[in-house]
Amino acid sequence: THCTPGGGCKIYENRPTVCARWYCGWRKLPHLTDHWRPDRCGVLICFVGEGEGIPPEFPQLGLKFDVVASPRVLAWDPLIKLIGLEIAQGRPVFLGVPAPIGYERRKVFLNYAMAHAVRVRERQLMLECLEAAYRVGVQEGRAEKTIFA
């Protein structure tokens, strides 16, 4: 109820303590510059833990890249490079896809779908994988789903 489409939290200045103590990946990952601030780049990086859809053969701490602005951000080179780097290092990576207000974002598991593109370091192929994952996520039903592509 406090979400403004395309604008964030309506009660940000008076948000609950649990919200005030939560930090996104931009605040927690020291190598990310100000360009990665979610309101500037259109991507919110979140941590995904055990029990949140990570396949058992992966470490149980991963990253989710939530698209919070236009899906055009998928073509942003720093995003493609970071996702590729994380996948190459074996970290589980998800793409968070917008959902209607009141529903959790859907997340699409990227590691399997992007493995070849990351291995051959082909930017255009990685972009096509990200765009396809986004489309799959958008087409899914209203409840959050984890898709193994």
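In this predicted model, Ile45 touches Cys24, Gly25, Trp26, Leu29, Leu32, Trp36, Leu63, Lys64, Phe65 and Leu82, leaving aside residues up to four places away in sequence. Ile45 also belongs to the largest nonpolar core, a set of 32 residues. Together with Phe65, Ile83, Leu110 and Met114, Ile45 is among the residues with the most contacts inside that core. The elements giving two or more residues to this core are β3, β4, α4, β5, α5 and α6. Of these, α6 gives the most, with six residues. A second core, separate from this one, has five residues, including Val48, Ile54, Phe94 and Phe109. As a general background to such groupings, nonpolar side chains in soluble globular proteins tend to be buried together.

Helix α5 offers a handy view of how one element is packed. The helix spans residues 111–119, and its buried residues are Asn111, Met114, Ala117 and Val118. Looking down the axis of α5, these buried residues fall within an arc of 125 degrees, so they line one face of the helix. Met114, on this list of buried residues, is also one of the residues with the most contacts inside the largest core. The cover over the buried residues of α5 includes α4 (77–88), β5, β6 and α6 (123–139). After α5 comes Arg121, which has a positive phi, near 55 degrees.

Strand β6, part of that cover, comprises residues 106–109 and contains Arg106. Is Arg106 buried or exposed? With a relative accessible area of 5%, Arg106 counts as buried, because the cut-off for a buried residue is under 20%. A polar atom of the Arg106 side chain lies 2.7 Å from the backbone oxygen of Pro98.

Turning to the loops, Gly102 sits between β5 (93–97) and β6. Here the relative accessible area is 76%, and Gly102 is therefore exposed, the threshold being over 50%. The C-alpha atoms of Gly102 and Thr1 are separated by 7.2 Å, although these residues are 101 residues apart along the chain. Another glycine, Gly53, is found in the loop between β3 (43–49) and β4 (61–67). Gly53 is partly exposed, with a relative accessible area of 26%. From C-alpha to C-alpha, Gly53 and Gly102 are 21 Å apart in space, with a sequence separation of 49 residues.

Definitions and conventions: Residues numbered from 1 in each chain as written. Predicted model: local features only at pLDDT ≥ 70, side-chain atom pairs only at ≥ 80, totals over all residues. Heavy atoms only, no water. Helix = DSSP H or I, 4+ residues; strand = E, 2+ residues; numbered from the N terminus. Buried < 20%, exposed > 50% of the residue type's maximum accessible area, 1.4 Å probe, protein only. Polar contact = N/O pair within 3.5 Å; in protein donor to acceptor, adjacent residues only side chain to side chain. Arc of directions from axis to C-beta. Contact = heavy atoms within 4.5 Å. Core = buried A, V, L, I, M, F, W, Y, C linked by side-chain atoms within 4.5 Å.
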